[in-house]
Amino acid sequence: MPYLEGALVAIDNNSGGIRALVGGRDYKQSKFNRALAPANRQIGSSFKPFVYTLAFMHGLLPGAAVSDGPIEPGEIQGAGNWSPGNSDGKYGGIEPVSYGLIHSRNTMSVRVGEFAGLDDVQKVANTLGLSQTVPHGAAIYIGSFETDLKSLTSAYTVFPNAGVRKQSYIIERIDDTDHNPIYRSAHVTLPALDPGAAWMTSRLMEDVLTSGTAASARSLGFKLPAAGKTGTTNDFKDAWFVGYTTSITCGVWVGFDQPVTIIPRGYGAALALPVWTQVMNKAAQRYPAKEFQPPVQLQHATVCSISNANATDGCSAAGTAYDIDLPVDRIPRGSCQVHGGTQLLVGQKLQQIGQKVEAVPKSIFQSFRRFFTGKK
């Protein structure tokens, strides 16, 4: 159609059942369903939460220091001179990892993606059912590949479900004329992401709605406990918002059928978020939104933002120590070797706790070495 279109999918977190699906603005004028394949569109920044979750699974922490500066030619392995910019054309200095997701910074997200690892990022996109043809290139860190709205919304249900993917479905069952069931939904579930790492990302996506790219949700009248992420593609051709409460996950896409710039600065927060807030406010009448609870045990830690290790008095003196509540199995091992000094008391106690947790996979240490030294 020549006019602006949109689509929406809402999924019950508990079952995976699709509770609402809108494929366009007017079915009489266009029967094309923009919520399902093959109506695939580039998803842009809405893919970033999965990249950050993988990085957290490999040992990165929300307070770790990452540059928001321009990507230097040759900086990204295998990407040549590829140098994506931030959507606002501005660059900052060193920021915590959390800032990169909350404010959707492309340069930071690419660097976080390098920590997560290209192979793992590509694999998780396949595991989550986003696409079986995700290209093997660093551009996927910022969502430069296509999928459909239903698949993206379904993938997001892993966050309120402690990392478990529940296959989405429309038909629960079919009965014959004698009321005997001849079909039942399979209700397939698959552990897709580490529950602690998924929770860490979910906490950041709560901040997206209060102080990040979707902070305007409050001014739009949405005040329920929720988390989510905006998505905007190159030249503002697609606008996305996917978010969830404890009960339901909803995804919204806005754009033209033939991809063209919607409006200048047509961000997901400006075009998709208003639809999402109205639907989710209504949905809360049947699907209550409760406060999010961590699915794993948490412990308080004092960590160095440079080394990602337990902070020492040297880190405190350097101003790089910060406090954070982490899943027990995400607590760093050992003290900071960058600043030296004596490990802080909290860190010493956490070291003892960490010894009771199963050993961190070897791949995490390899990832740390690659991140800080550039060596494999």
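1. In this predicted model, the buried residues of helix H1 pack against helix H2 (97–102), helix H3 (106–116), helix H4 (118–127), helix H5 (149–156), helix H6 (195–211) and strand E11. Helix H1 itself covers residues 48–57, and because 9 of its 10 residues are buried, H1 is largely enclosed by the rest of the structure. The buried residues run from the charged to the nonpolar, and among them are Lys 48, Pro 49, Phe 50, Tyr 52 and Leu 54. Just after H1, Gly 59 takes a positive phi of about 110 degrees.

2. The next point concerns the nonpolar cores. The largest nonpolar core holds 65 residues, of which Phe 47, Phe 50 and Phe 159 touch the most other members. If residues up to four places away in sequence are not counted, Phe 47 touches Val 121, Ala 125, Leu 130, Ile 140, Tyr 141, Gly 143 and Phe 145. There is also a second, separate core, made of 24 residues, which includes Phe 222, Phe 241, Ile 248 and Leu 273.

3. Which residues of strand E11 point one way, and which point the other way? Ala 227, Lys 229 and Gly 231 point one way, while Gly 228, Thr 230 and Thr 232 point the other way, and all are buried. This fits the general rule that in a regular strand the side chains alternate between the two faces of the sheet. Since 6 of the 6 residues of E11 are buried, this strand is largely enclosed by the rest of the structure.

4. Strand E12 (residues 238–244) is mostly covered as well, with 7 of its 7 residues buried. From E12, Asp 238, Trp 240, Val 242 and Tyr 244 point one way, whereas Ala 239, Phe 241 and Gly 243 point the other way. Phe 241 of this strand is also included in the second core described above.

5. The pairing of E12 with E11 can be followed residue by residue. Strand E11 (residues 227–232) runs antiparallel to E12, and the two are joined by 6 bridges. Within this pairing, Thr 230 stands opposite Phe 241, and Lys 229 stands opposite Val 242. The two strands form a hairpin with 5 residues between them, in which Asp 235 takes a positive phi near 65 degrees.

6. E12 also pairs with strand E13 (residues 248–255), again in the antiparallel sense, over 7 bridges. Here Gly 243 of E12 stands opposite Cys 250 in E13, and the hairpin that these two strands form has 3 residues between them.

7. Is Tyr 267, which lies in the loop between E13 and helix H7 (268–271), buried or exposed? Tyr 267 counts as buried, because its relative accessibility is 19% and the cut-off for buried is under 20% relative accessible area. Leaving aside residues up to four places away in sequence, Tyr 267 touches Ser 87, Asp 88, Thr 232, Phe 236 and Ala 239. The C-alpha atoms of Tyr 267 and Val 254 are separated by 10.0 Å, and these residues are 13 residues apart along the chain.

8. The last point turns to the surface, where Ile 170, Ile 171, Ile 174, Ile 182 and Tyr 183 make a nonpolar patch of about 480 Å². One of these residues, Ile 174, lies in strand E8 (residues 173–175). With a relative accessible area of 36%, Ile 174 is partly exposed, because that class lies between under 20% for buried and over 50% for exposed.

Key: Residues are numbered from 1 along each chain as its sequence is written. This is a predicted model: local features need pLDDT of at least 70, side-chain atom pairs count only at pLDDT 80 or more; totals for chains, interfaces and linings use all residues. Side-chain values use heavy atoms; hydrogens and water are left out. Patches are made of residues with over 30% relative accessible area and no salt bridge: like charges are joined within 9 Å, nonpolar side chains (Val, Leu, Ile, Met, Phe, Trp, Tyr) within 5 Å. Accessible areas come from the Shrake-Rupley method with a 1.4 Å probe; for residues, only the protein chains shown count as cover. A salt bridge is a side-chain nitrogen of Lys or Arg within 4 Å of a carboxyl oxygen of Asp or Glu. Helices (H or I, at least four residues) and strands (E, at least two) are DSSP runs, numbered from the N terminus. Buried means under 20% relative accessible area, exposed over 50%, partly exposed in between (1.4 Å probe, protein chains only). Two strands pair if DSSP finds at least two bridges between them. A nonpolar core is a set of buried Ala, Val, Leu, Ile, Met, Phe, Trp, Tyr and Cys residues joined through side-chain atoms within 4.5 Å. Contact means heavy atoms within 4.5 Å.
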